[in-house]
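Biologist: I am new to this structure and should like to go through it in order. Please show it to me, and I shall then put my questions.

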Amino acid sequence: MAFYFDKFEDRKPPEPLPHSIPVELAYQFFATVTLVFGGWYIYWRWTASLNYDAMWFAIPLVVAETFAYIGLVLFTSNLWQTKDYKKRPPPETITDCVDEDLPARPIVVDVFFPTYDEDPELVRLSIIDGKNVSYPHNIDIFIHVLDDGKREEMRKVAEEEGVNYITRENNVGFKAGNLRNAMEQTHGDFIVICDADTRPFPTFLEHTLGYFRDPDVAWVQTPQWFFDIPEGERLPKVLNKKLGGFGKFFGQACEAVLGKIQVGRDPFVNDPKMFYDIIQRRRNGANAAFCCGAGSIHRREAVMQAALKGFALQVDEEVDQFAAEVDDEALRDDLSGMMKHQALLETEFTPYKFHVSEDIYTSIVLHSDQDRQWKSVLHPDVESKMLSPQDLESWMVQRFKYAGGTLDIAVNDNPLMMKGMTLRQRAMYATTIYSYFGGIWNTIFLVSPIIYLFTGIAPVSAYNFEFFVHILPFLILNEISTMFGTWGINGYQGKSSYLSFFPVNLRAIWTVMKGEKIKFPTTPKERQEGNFFHHVIPQFLIIALTALGLVYAGVGLFIGTNENLYGFITNILWGLNNIIAMSGL
């Protein structure tokens, strides 16, 4: 059977970014100076720059700038240092991975491929690659297809490939419930979590099991790599098609100044290299790299221990809630004992939390285990390949799950309040949670130039020399520090994506604040047909209103009704940046 990605099968994954101490030191220097100048700017904004004649405009903007600055502080702490775990040789027997006296025997690994409605032939490709995983020592690898779709065709594919097929009567808990059901029927020392389209490389176990020589390592996350991302075309070639020789010459001139430009590359900014190679990798030093599901390998003992403690805590909380209403101490103790016995029978034991973000939730539980102090590892090398969202509908489904799931955890199981985490771990989780609130202040940043361009009302007392003295050093230093902090990766595309992400963030925030549960839809693995313009109406409105505002203010400047040249220049640059950021979607 042919798939659209067949032509990409020969693509090779990118190497992890090389760690450069000089670059890291440069980042730490410029980031520190940036935060100092940023703090100076924010102080000045609150104390000396507000337009008291338009406080309805001035206050929201300075509040947005303050919250964005707090986010910058958190992000700087995340990017501060790369501290990879030492790679160790693959263990020969299970005794190499535990600190207890066990008989030497081969390590047992279960590879899970959860599936629901994906094409069985697509899953077959993942199974085949899973069967090709090799290991330098004697090892038992068992592959399991976890089919929540209960499809006979999927069962047939599993039988033809000689792997285990697991299904269940209901879909309680969705993916998390599917994983729990599989854990009840398997016994591996380690569990590899894949998605239906995750295709592990032969070296997957050889390169990751060595970390488990440390008996405190609970899981290892490998970077996800989407091998089907469009590569686009070089700018000279694109312009040559549209404008002929002049276009080609202009494109070459642009590349001579700006470097190679690929038009149409990664239209949905799906490339996760920034997330894994920069954000997650630099959390290793804080023992705070969280699990992202697909491409991860877990120590079964860690998952079960965490689940048992969570199970006991849940039962105790339910019993204490009711027993506390009984005044008589002896009667309360007897009642608690009886209720606890009944609650143990009625409460479901869930190794993976029934949650749309069960992966990060499990990470939080393990990182907060005071008794065991489990470790996590972000392995920097790509060890599998996956498929990216192919259309706007799929992209929106995926991004909303990420945002909504994380915010739901923050509201209902806030990791910052959990005992057992270190201060640095709390800071890393706070960075993740805080970033999803960015839709609020990003909305203000997008609307502010529109307000000025149409009304001429400024949120600052004046666009004068003092204003530029305070803001320009901060903005310039921030760009320089970002360049060093993300050395080797195009940072602008990520920042643009984050800005254009504001409607999804706002929807996720509103959904969680209303108390609604985040749904569990699977991200489609095939391109969805249809017109999805309704998903980008907010971005389109920002582009249209900003463009109209630029024209309106420009005409006003020309005919003399608007005489604030510096204000116009500032907001035209601000507005153009917003238009470029929104235009990708």
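Biologist: Which strands does helix H5 lie across, and at about what angle does it run to E1?

Modeller: This is a predicted model, in which local features need pLDDT of at least 70, side-chain atom pairs count only at pLDDT 80 or more, and totals for chains, interfaces and linings use all residues. Residues are numbered from 1 along each chain as its sequence is written, and side-chain values use heavy atoms, without hydrogens and water. Helices (H or I, at least four residues) and strands (E, at least two) are DSSP runs numbered from the N terminus, and angles run from 0 to 180 degrees between the N-to-C directions of axes fitted to C-alpha atoms, for helices over the stretch in contact (heavy atoms within 4.5 Å). Helix H5 (residues 174-183) lies across E1, E2, E3 and E4, and its angle to E1 is about 145°.

Biologist: Which strands stand at the edges of the open sheet?

Modeller: Strands pair if DSSP finds at least two bridges between them. The seven strands follow the order E3-E2-E1-E4-E9-E6-E10, with mixed pairing. Each edge strand has a single partner, so one side of it lacks a neighbour in the sheet; these are E3 (164-166) and E10 (375-378).

Biologist: Which residue in E9 stands opposite Trp219?

Modeller: Strands E6 (residues 217-221) and E9 (residues 296-299) pair in the antiparallel sense over three bridges. Opposite Trp219 stands His298.

Biologist: How many disulfides are counted?

Modeller: A disulfide requires two cysteine sulfur atoms within 2.5 Å. The count is zero.
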